[in-house]
Amino acid sequence: MPIALQAQQRIISGIVKDTAGNTLGGASITEKGMVNNAASTGDNGKFKITLKGASNTLIITYLNFKKQEINVQENLKNHEQIEVVLENTTSSLDEVIVVGYGKKKRITNTGSVSTISASEISAVPTSNIQNALSGEMPGFFAQQRSGQPGKDASDYFIRGVSSLNSGGNQPLIIVDDIEYTYDQLAQINVNEIESISILKDASTTAIYGIKGANGVLVVTTRRGVAGKPKFNIRGEAGAQSPVRTPKFLDSYNSAVLVNEANVNDGLTQTFSQNDLNLFKSGTDPYGHPNINWYDAIMKKSSVQANTNLDISGGSQSVKYFISGGAFTQNGGVKNFSDGNDGVNTNYFYKRYNVRSNLDIQVSSTLSLRLDMTARFGDINQPYNQNVISNIYDFTKYHPYSAPFLNPNGSYAYAIDTKSQMPTINAMLATGGYSRQRRSDYNVLVGFNKKLDAITKGLSLIGRVAYAGVVQNTLNLARPYAFPPSYYYNPADGSYHLNTGVSSGGYTLIGYRTIGNTDLDNQRVNAQLYLNYDRTFGVHHFSSLLLWNQESYRDDQAAAVPQKFRGYSFRFGYDYRQKYLIDFNAAYNGSDRFQASSRNGFFPAIGLGWNLAQESIFKKALTAFRIFKLRTSYGIVGSDVAPGNQYLYNQVYNQGAGYSFGQTDQTQGTISEGALSNNNVTWEKAKKFDVGLDMNLANDKISLTVDYFHDERYDQLVTRQDIPEILGIGVAPENVAKTINRGWDGQITYKDNIGKVQYSIGLVWSVAKNKIIYTAEAQPRYPWLAVTGRPINQPFGYKNIGFYSQSDLTNPNVAKPITAIPIQAGDLKYKDLNGDGVIDQNDMGPIGKPNLPNTTIGVPLRLGYKGWSMNVLFQGAYGYSLGLIGTAIEPFQSQFQPIHQKRWTPATAASAEFPRLTSNPTTINSPAAYMSDFWLIDAHYLRLKTLEVSYQLSRKSLPLKINSGRIYFSAYNLVTWSNVTKKYQQDPEVTSNSAGDSYLNQRVVNLGLQVGF
Amino acid sequence: MNNIKYNIFLYILIGITASMLSSCKKSYETVPLGQQINLSLAFDPKDSLGTEALEFLLNVYNVATPYGYNRLSGNFLDAASDDAISSASGIPDIQKLATGAFSAASPNVDNVWSSYYTAIRSATVFIVYINRVPLAEKLPNGNPARPAYRSEARFLRALMYFELLKRYGGVPLLGDTIRQITDNVQLPRNSFADCVNYIVNECNNITDSLRTQSQVTPSNYGRVTQGAAMALKARVLLYAASPLFNGGNIDPTNPLTGYTSYDINRWKLAADAASSLMSLGTYSLMPKYSDAFITQATPIGSNTEMIFWRQGGSNISVEQNNGPIGYTSAGGNGITSPTQNLVDAFPTDSGKAITDAGSQYDPNNPYNHRDPRLKMTVMYNGFLWLNRPVQTFDGGLDKPGGVIQQTKTSYYLRKFMGSFESVSGSAIYSNTYHDWISFRYAEVMLNFAEATNEFSGPTQDVYNVLYALRNRAGIFSGTANNYGLKQGMSQSEMRVVLQNERRVELAFEEQRFFDIRRWKIASQAYNIPLTGMDIQQATNGQIFYNIIPVLTPVFRDPQMYLYPIPYTEVIMNPNMKQNPSW
């Protein structure tokens, strides 16, 4: 019988399902012992394969599912066709996580890693991955600072910040084992991504040595799976609208407040009662205009669209994944062009991505890979104007400055302002655009040679990767020219040309093109490593030995190339998957440091204990599938150095400036540059992490918790305690130290009620840092010190209400020595040192840094038959948001409802805002007297993402379409925040930039996905 | 067969990867590109021309040489004395200096600590490293030029120490050590006496190696000369002998703030130092007062009065910054408003104070019969300028009212400007030399006279100085040939006369501000309101003068006699003692 079977080529058909009974498309079927005989399931889960070998066994593999071997005959005893039920491995023993240079099983991992599969976030309607991760991964902190198309990628940090160097906190980004920059990551199409991991502790980041101190974000892209070509097309379109739109007072209400401020300042009132009446009645739209510039300029919503196509498949010898994508995001500015010049001054972002990932199995032991990807993006914005800032800026436009257009169609201008600029619509209609055009190219060539011939489990892997970026800005604009604008006098119907500083004359000059190269850089990375992974009975060894070199060249700045070289080593051992030990180390260097002290050694150790594998434990606590304690400790580095690349060299500067000799011309001079620091070296972080991984109740509950304590030392900062009598600046020194500690984790419960599958999770991240030492001089009062406080702690006065009339004459009430005498209704501050004077000595720490110290996410997933729903609530706590200037200050910002709650003698008890004044130098000015009045102790909770989709049944689909799905998705759908109670500002904007930055957007989106 | 092919292929792959890895090794930078100038190039031991080294010296000049025109956010330092106020709107920084609105933590606008210590270091770097450079250049007398260049830097360093000394009292003396990042710089202040001795010694030691004025060639025009070193020494000794530091120390036992006891011989040293410079015969008063500021010195020009200066080039900036605002085609911002207090200090053209009975002063025609230096120092209503009379009556072209910056006292600055009283062609300014003169001969004479009066009383030498200055100013000698000066004055009468003469002669030269401090009369000088003139012109052309207060200065005695050491400097350096009361 076996002999007969061997000769026979049998066609076997079957179906693959998951434990819930859903069919699985794309599962890979291989005949055991015949690696080249493979098939894959269609989207209906069905497959056919012709058996050629003798094993009579099929191997079924599918990502995130447990591999199964099926004996054909055994299976067919019970079924008409082969039926395979695959067990989902998510949160189970075979779950795999991506770490540096490879993958690890979750069960034997000793480090702190969070992983998410891209399919879980691919429906988030945003252009970049950063915006989709917030609240999904423990330890990931992100703040979206702007909503501008193409520039809306969130700032993000892993486990908060711990370096005092600006730029010294950015995580290392590794895409397919090659380093990327922040902007390059933002360019990647989410559809190309397979999975994302963040590496948080020393055990996982030590392998990156001198670059690992800020954590590592590891992205892997999708690769082909053997089988018939699978086409997948996704198209979606949606509408964006601001999360919060500003509310401005109309002309009448603004004018009333202006008059009141005039009285407060001892000036004559700007508006007569007749003016006010006309503003109120609106009967004189040209003499007394009433324009809400936000409504006049901005659209209610704008369009966003995303289309993706990918094809994957191949044989066992060649596998491919090819994808293309087009993303368009339009801006919120109305179109004011006269239609003739075709110049688009609106904001927009267009991006095209292509990727081809090929795997070639040359022989049974040698495989090659060739990955090529290119990304082309255009970011458009109005030339030389920030529209949002102009709309907010009261010094440029008042609601009563000018009509939208004059009666004869000519442009008006803000005649009552100092700059007398033509109206925003005039500027947008004629000002031209500034367009950034960026091209990114990446090529990766690699091989993987199995060296089982030498010893089993050994392989050699080599890669050479190239990344190039070119970015040019093309401006089509009329530099230094304004459009012609006129003041129309409704009294006599006359027109007067604007002859002020922003005069455009009578005619518009022609457009000119101005171009420049912003970026032109290339990075070449080469890696060669030996991998060893072998199990001897109960002993499992894994090891890695890596040689890595990188060269970065910036051709735009014609700067010195930056070089990096390193060796990394990893050794792992486990006994019965019970006792785990990992040793990771890197020895690497950077040319930022003196040749003699260029290389550093960064070791880390990780230990783990799978209690659930202990026999005693197994009996006692049967509910636990996984119960693992793990801890790690190690040292990693950061080679980010502020300023001059070569701090160990004192460079003399050339200049000019002294007139000398008979000809009386300015002569050249040479002067000393900052003193060098011969001992400059990298920053280091001692990272300690202890964690618990737990799965119980049949994997229904899974839990991961980590506590970490990082000590960042040898930080490069410029000493603040070197007296100026030294007479020269100094290079930063490796002196500062901070600690950063906190805990993060994730708990997920999943189950089903009948046919309804659901899961609910909680993701949390807490990170609090403190400056231990920063070479700060001991200040006169302890509250003036930054040492002992969080990084970027704001300092200012402590607001204690408003000065009352009686305070002014009361000598016991502390007052500032200020040029402008204080008045009742001015902000009153606490006299911290009790000397009766409000001055710099009273500026203590106020509020918190702008980066949240706590962020949470609540992911919910529901599935019922073809329906599924994904919801993510995301919240951030423990930060301060500063709102000043064009965002809120009277006479710098448009008048807003909060200004109507200003202090007046009548409303002194209930006032929420100081008395109005047009003088920008009073004690009420945050520029001169920053205080916590201008800070909001902010927090927010968002319905960050929502996706509802319906999988169409196979029968209802026409042609050869295998699968079809329609979905609705949304981003930033609902926001609850204490910020928005008082001000119409998004809670994620950067402190002190509200009123200037492009409004963060909410997106609602409809999409269709088909596969065939 | 296939295996061999694969293996060859694999070896090539490994080779390519490995060669990528190793090829980078060579291009590791040992000397960074693009950063060419380092110590060994700036002071090149192979360059007998010393090109870079001399450019380094020019940088020392650049950071160390004061340039006083409108240097303090647009204003003269004198706008913080009782001689002038700023015309700027709001509360300009210079006014805060006059009203005491500053502290150690928020320093006043004349906050020179950091920049002068930068200059001191630059000078020291040159002084130490110039010896590495085999400079071949010779002075006209055949001596090598290198000691002269080195001495120039030592002069500039000494000048910086003096500038610090007069503001802060004793300051840390850093010597010739070039400190690096790892060196301890938490140094204590040296005593006032140490600083004076150091500066004087430096001046003594460098004088011989410096160029004489006659050795200055046109290409070296503007360098430090022997005369400069002697003038600095004379001024330092005068300050050291002055009441604030000699006998009137605000913290009597504190050696940082002055001498702890009085010694009359300090006046003698000051007089001798001035005298030895005067006896050189190199310098003399210019025949015309106003020419002293706008002509160049030998060998380029004919100015015999300049001793050390910073070249300002030939331009119209002083005129436009300070000129009356009503000359629209010429341009004028009128930033400086001289006070009535200063105007009243000018005697009449017979040399008598305006308060003297026989002085011919007429309050209804206040600018008539005045010391001719008045019209070379300030412009007043009716003053001919650019072919038309200045109008500083209320509503006049140069005092129109409203928000535009204009004189607050009805006076504009005239000193340092070209002779634009009447010009041919259109009424605009033309380029004028605006070298800032740090030392000029008239000051040395006044130093000599003051020190002599204090040591020996009002001798004939003292009178002679006044006669010479008043003669040059154009004051009538009078029938008694005494230029209106009372004969046989007591020492203290003469002191008052000399102080007033100094105020008039050296107005706006950054002298008065420090003079009232070193004389220890600042609390009196600042205790009276600063005034201006309110001028009304009736329709019939008749003019009415009214003196009005324009600013009430504040002087906290004794705190404000010295500047506070910057707050950060005190907290960064436990050895740095703060000045009293700050």
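**Local environments and overall features of the predicted model**

In this predicted model, A:Thr417 is found in chain A, in the loop that runs between helix α9 (387-392) and helix α10 (424-430). With a relative accessible area of 7%, A:Thr417 counts as buried, because residues under 20% relative accessible area are placed in that class. The side chain of A:Thr417 takes part in polar contacts with the backbone: it reaches the backbone oxygen of A:Ala414 at 3.0 Å, and a polar atom of the side chain of A:Thr417 also lies 3.0 Å from the backbone nitrogen of A:Gln420. When residues up to four places away in sequence are left aside, A:Thr417 touches A:Thr395, A:Lys396, A:Tyr397, A:His398 and A:Ser401.

A loop residue of chain B was examined in the same terms. B:Gln559 lies between strand β12 (543-551) and helix α17 (567-572) of chain B, and B:Gln559 is buried, with a relative accessible area of 11%. A polar atom of the side chain of B:Gln559 is placed 2.9 Å from the backbone oxygen of B:Ser581. B:Ser581 also appears among the residues that B:Gln559 touches, together with B:Pro580 and B:Trp582, once residues up to four places away in sequence are not counted.

The surface of chain A carries a nonpolar patch, formed by A:Tyr352, A:Val354, A:Met372, A:Phe376, A:Tyr441, A:Val443, A:Val445 and A:Tyr466, which together have about 660 Å² of accessible area. Strands β20 (348-361), β21 (366-382) and β22 (432-450) of chain A are the elements that give two or more residues to this patch, and β22 of chain A gives the most, with three residues. One of the patch members, A:Phe376, has its place in strand β21 of chain A. The relative accessible area of A:Phe376 is 33%, and this residue is therefore classed as partly exposed, a class that covers values between the limit of 20% for buried residues and that of 50% for exposed ones.

The cysteines were considered next. A search of the whole structure, over all chains, finds zero disulfides. B:Cys195 is accordingly in no disulfide, and the nearest cysteine sulfur, which belongs to B:Cys203, is 13 Å away. Seen from the other side, the closest cysteine sulfur to that of B:Cys203 is the one in B:Cys195, and the 13 Å between them is too far for a bond, because a disulfide requires a pair of cysteine sulfur atoms within 2.5 Å. Both cysteines are nevertheless buried, B:Cys195 at 1% relative accessibility and B:Cys203 with a relative accessible area of 0%.

For chain B as a whole, 17 helices and twelve strands are assigned, and the C-alpha atoms fill a box of roughly 125 × 55 × 50 Å when the box is taken along the principal axes. Of the 582 residues in chain B, 58% are buried. Among the contacts in chain B that have a sequence separation of 6 or more, 71% join residues that are 24 or more positions apart. Chain B exposes about 21300 Å², and carbon and sulfur atoms supply 53% of this area.

Notes:
Residues are numbered from 1 along each chain as its sequence is written. Chains are lettered from A and ligands numbered from 1 in the order in which they are written. This is a predicted model: local features need pLDDT of at least 70, side-chain atom pairs count only at pLDDT 80 or more; totals for chains, interfaces and linings use all residues. Side-chain values use heavy atoms; hydrogens and water are left out. Buried means under 20% relative accessible area, exposed over 50%, partly exposed in between (1.4 Å probe, protein chains only). Patches are made of residues with over 30% relative accessible area and no salt bridge: like charges are joined within 9 Å, nonpolar side chains (Val, Leu, Ile, Met, Phe, Trp, Tyr) within 5 Å. Accessible areas come from the Shrake-Rupley method with a 1.4 Å probe; for residues, only the protein chains shown count as cover. A salt bridge is a side-chain nitrogen of Lys or Arg within 4 Å of a carboxyl oxygen of Asp or Glu. Helices (H or I, at least four residues) and strands (E, at least two) are DSSP runs, numbered from the N terminus. A polar contact is a pair of N or O atoms within 3.5 Å; within protein, one must be able to donate a hydrogen and the other to accept it, and residues adjacent in sequence count only if both atoms are side-chain atoms. Contact means heavy atoms within 4.5 Å.
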